Structures are given as structure tokens and as C-alpha cells.
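I opened a new page for this one. My plan is to look things up one at a time and jot down what I find.

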Amino acid sequence: MSRKFLPLSVTAALMGSTAMGDVPNVAADIAPVHSLVARVMEGLGTPNLIIQAGASPHDYNLRPSEAAALQDADLVFWMGEDLTPWMEGAIETLADDAVVTALLEAEGTILFDFREGALFDAHVHKEEGEHAHEEEHDHEEHAHEDEHDDRARDEHGHAHGGHDSHAWLSPENASTWLNLIAAQLSSADPGNAGTYFANAAAARAELEVLVSEVHGILEPVREGRFIVFHDAYQYFEVSFGLQASGAISLGDASDPSPARIAEIQDLIRDEGIECVLAEPQFNRGLVLIVMDGTDANTGTLDPIGSNLEPGPALYPQLIRNLATTLAECL
């Protein structure tokens with residue numbers, strides 16, 4: 001597969017080359033990534049969204065139009081194999097001439113390991129810098145045994161990496177990726193490099209305002225205790241000083257065991273959990289089961305923006321919605 005991964009330093013150096021003319025065809029895997037790319041391309045073009053809103057990224061069958069978008073793409077932005085292992089083959093088959101950027105592998109990306117068990121200890125990510133990706137980093141060094149291995153495989157038995165792949169829920173990561181997206185677009189389309197980088201700078205400034213807004217929303221409930229449906233939110237938690245107490249499901253592709261449900265039920269009853277959160281794509285009945293006989297509130301967190309209109313505004317609204325739902329539930 002002849003994919004061309006260009007480091008940020010190389011793409012920056014290429015910006016001075018002769019303009020290539022047309023705005024490139026671009027594909028992005030999930031709605032939050034698509035939103036960031038769309039913001040950088042704003043005023044020049046629109047990327048194609050590969051995994052449609054409301055669908056689980058872990059197991060997805062491409063429509064003909066989505067396969068065509070990959071086949072026609074000059075650039076592909078995706079989270080990486082940890083989130084969508086099936087997409088590796090699709091890119092290899094359909095987009096073998098595209099410049100492919102896996103954001104989870106990008107230099108400067110903050111990465112966290114999966115959390116253990118149904119209940120979470122207080123996590124203090126003291127060494128975030130050590131979790132940031134190095135270009136030659138060997139992911140196998142961080143592979144986990146037992147429950148991590150179970151969690152890191154989809155129903156077809158494909159092994160994922162050892163890192164939590166929901167890294168888009170960190171605005172810090174989004175800010176890093178905006179510059180990378182601008183660099184890759186500028187390499188493919190030097191004539192519009194100024195617009196791409198100006199859009200990325202404006203988007204980064206908008207994220208700073210958003211982060212301040214979200215801190216304000218969450219400040220009154222920062223010490224509240226809550227349970228999530230599955231462990232997808234630790235990047236958001238770390239960014240905004242929150243701590244989930246546990247997760248109902250091991251992952252979003254598997255149902256929890258009876259023992260896990262019982263463990264969560266005991267936690268809610270014994271520790272005064274105030275809020276149990278569902279997700280729009282998954283079995284709300286499990287939330288009702290674990291809440292039975294308690295006074296906990298409930299709400300619905302959507303980590304991927306299933307009900308939002310794809311486009312530049314989706315990412316900030318996604319982050320804002322997570323904060324608002326948590327504040328209301330707590």
C-alpha cells in the first residue's frame with residue numbers, strides 16, 4: 001500500500017512549492033474529525049464524511065458513495081486503526097494513492113491507556129507528555145493483558161492498540177490536529193495555504209473560548225459523581241477536571257456481564273452516585289437496570305455527535321453538549 005505519511009516539518013517545508021491549483025478531494029472518517037477538517041477547509045471546499053452520523057465507527061459497512069469518496073480522495077484523515085480497524089483495509093484497497101493521516105499517531109497527540117474494570121480509581125494523568133505519540137513509538141509496548149485484550153478486540157477478533165481511541169474529546173488534541181490538517185492541506189494545495197492556516201488559527205482561538213465556556217458550565221458540578229455507559233470520556237474528564245466513577249459496559253461493542261452490572265448497582269447505592277449516563281446508540285435498558293431502586297438522575301451523552309449536523313460547527317457543539325448534559329444531570 002503506497003500511503004504517504006508526511007511529518008509536519010516536511011509539509012511545512014513544502015508550502016513554498018508551486019501551487020497545485022484545485023482544492024484537493026478530502027475524506028474524513030467520523031463526524032468530529034470531519035468537523036475539524038471542514039473548519040480548516042471553510043471557504044474553499046468540503047470534505048466527505050465516511051462514517052455517517054448515528055453509526056458506530058467500530059463496525060461499519062461502506063455505502064457505494066462512501067467507497068467512491070475514499071477512492072477519489074487526495075487526502076484521508078482518520079482516527080486510526082484503534083478506533084476503526086476495518087477501515088485500514090478499505091484505505092489500502094480504495095485510497096492507496098492518497099496522503100493518509102492517522103490522528104492517533106500524530107506527533108503531539110495526548111494518549112491515555114484504557115482504564116481497568118467497571119469502577120475507576122481517581123486518575124491523575126501526571127505524565128501526559130509521556131503519553132504523547134513519538135513518530136517511531138512502538139504501540140506494542142503498551143499492549144495490555146486480560147481485560148484490556150478483551151476490550152481491544154472487536155467481534156471479529158481484530159486486535160486494537162492499547163490506547164483509548166476517543167482522543168477527539170480532548171480539545172487540546174483537536175487544537176494540535178487543526179495545525180496538522182492545515183499543513184497536510186497546504187502541502188497538497190500550496191496556493192491556498194494562507195487560508196488553511198488562517199482557518200486553523202481562528203479555530204484554535206475558538207477552542208480556547210469554548211474551553212473557558214465549558215469550565216464555567218461544569219464548575220458548579222465538578223465534584224459530582226457519575227457513571228458513564230462505556231468508558232469513552234476520560235479525555236474530556238482530564239481536560240475539564242472531572243472523574244467518572246465507573247462504566248456500565250466494558251466497551252461499546254459488548255454487553256456487560258451480570259457481575260459487572262451488580263458491581264455498578266452496588267456502587268450507585270453505596271456511594272451516592274448522582275447521575276447515570278446513557279448513549280443514543282446503545283441499550284438504554286441497561287441504564288434503567290443499574291438505576292433501579294436508586295435516586296440517581298439520568299441523561300444521554302453523545303461522544304460522536306450523532307444528532308448534530310455534520311460540518312464546521314459540529315465539534316464545538318459536541319463538546320458543549322457533553323458539558324451541558326453532565327451539568328444538568330448532576
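Below are my entries, starting with the whole protein and ending with single residues.

**Entry 1: the whole protein**

First a note to self: this is a predicted model. I looked up the secondary structure and got 12 helices and 8 strands. The protein has 330 residues, and 52% of them are buried. For the accessible surface I have about 14100 Å², with 47% of that belonging to carbon and sulfur atoms. I also checked how far the contacts reach along the chain. Taking contacts between residues at least 6 apart in sequence, 68% join residues at least 24 apart.

**Entry 2: the sheet with S1**

In what order do the strands of this open sheet come? I read S2-S1-S3-S4, so I wrote down 4 strands with parallel pairing. Strand S2 (48-49) and strand S4 (99-102) are at the edges; each has a single partner strand, so one side of each has no neighbour in the sheet.

I then went through one pair. Strand S1 (residues 26-28) and S2 run parallel and are joined by 2 bridges. Ala 27 is the residue that stands opposite Asn 48 in S2.

Next I looked for helices lying on these strands. H2 lies across S1, S2 and strand S3 (75-78), and I noted an angle of about 150° to S1. Helix H4 (residues 85-94) lies across S3 and S4, running at about 175° to S3.

**Entry 3: the sheet with S5**

There is another open sheet to log, with 4 strands in the order S6-S5-S7-S8 and parallel pairing. Which strands stand at the edges here? They are strand S6 (246-249) and strand S8 (297-300), each with a single partner strand, so one side of each is left without a neighbour in the sheet. On average, neighbouring strands of this sheet are turned by 25° against each other, direction ignored.

I listed the pairs with a residue match for each:

- Strand S5 (residues 226-230) pairs with S6 in the parallel sense over 3 bridges, and Ile 227 stands opposite Gly 246 in S6.
- S5 pairs with S7 in the parallel sense over 2 bridges, and Phe 226 has Cys 275 in S7 as its bridge partner.
- S7 and S8 run parallel and are joined by 4 bridges, with Leu 277 opposite Gly 299 in S8.

Helix H10 (residues 258-271) packs on the sheet and touches S5, S6 and strand S7 (275-278); its direction makes about 140° with that of S6.

I wanted to know where the S7 side chains go. In a regular strand, side chains alternate between the two faces of the sheet. In S7, Cys 275 and Leu 277 point one way, while Val 276 and Ala 278 point the other way, and all are buried.

**Entry 4: helix H8**

Helix H8 (residues 193-218) has 26 residues. From its first C-alpha to its last I have 37 Å, close to the 38 Å expected at 1.5 Å a residue.

Which residues of H8 are buried? My list reads Ala 193, Tyr 196, Asn 199, Ala 200, Ala 203, Leu 207, Leu 210, Val 214 and Leu 218. The cover over these buried residues includes helix H2 (31-41), H7, helix H9 (234-240) and helix H12 (314-329). I had already met H2 lying across S1, S2 and S3.

**Entry 5: Ser 170**

I found Ser 170 in the loop between helix H6 (147-151) and helix H7 (171-188). Is Ser 170 buried or exposed? Its relative accessibility is 3%, so Ser 170 counts as buried, the cut-off being under 20%.

Its side chain makes a polar contact with the side chain of Glu 172, at 3.0 Å. Leaving aside neighbours within four places in sequence, Ser 170 is in contact with Tyr 235, Ser 239 and Tyr 315.

**Entry 6: Val 290**

Last on my list was Val 290, which lies in helix H11 (residues 284-291). Val 290 counts as buried because its relative accessibility is 0%.

What does Val 290 touch, leaving aside neighbours within four places in sequence? I wrote down Ile 248, Ile 261, Ile 264, Gln 265, Ile 268 and Val 276. I also looked up a distance: Val 290 and Arg 269 are 21 residues apart in sequence, and their C-alpha atoms are 9.6 Å apart in space.

Methods. Residues numbered from 1 in each chain as written. Predicted model: local features only at pLDDT ≥ 70, side-chain atom pairs only at ≥ 80, totals over all residues. Heavy atoms only, no water. Buried < 20%, exposed > 50% of the residue type's maximum accessible area, 1.4 Å probe, protein only. Polar contact = N/O pair within 3.5 Å; in protein donor to acceptor, adjacent residues only side chain to side chain. Contact = heavy atoms within 4.5 Å. Expected span 1.5 Å × (residues − 1). Pairing = 2+ DSSP bridges. Axes fitted to C-alpha atoms, helices over the stretch in contact; angles between N-to-C directions. Areas by Shrake-Rupley, 256 points an atom, 1.4 Å probe, with all protein chains shown as cover.
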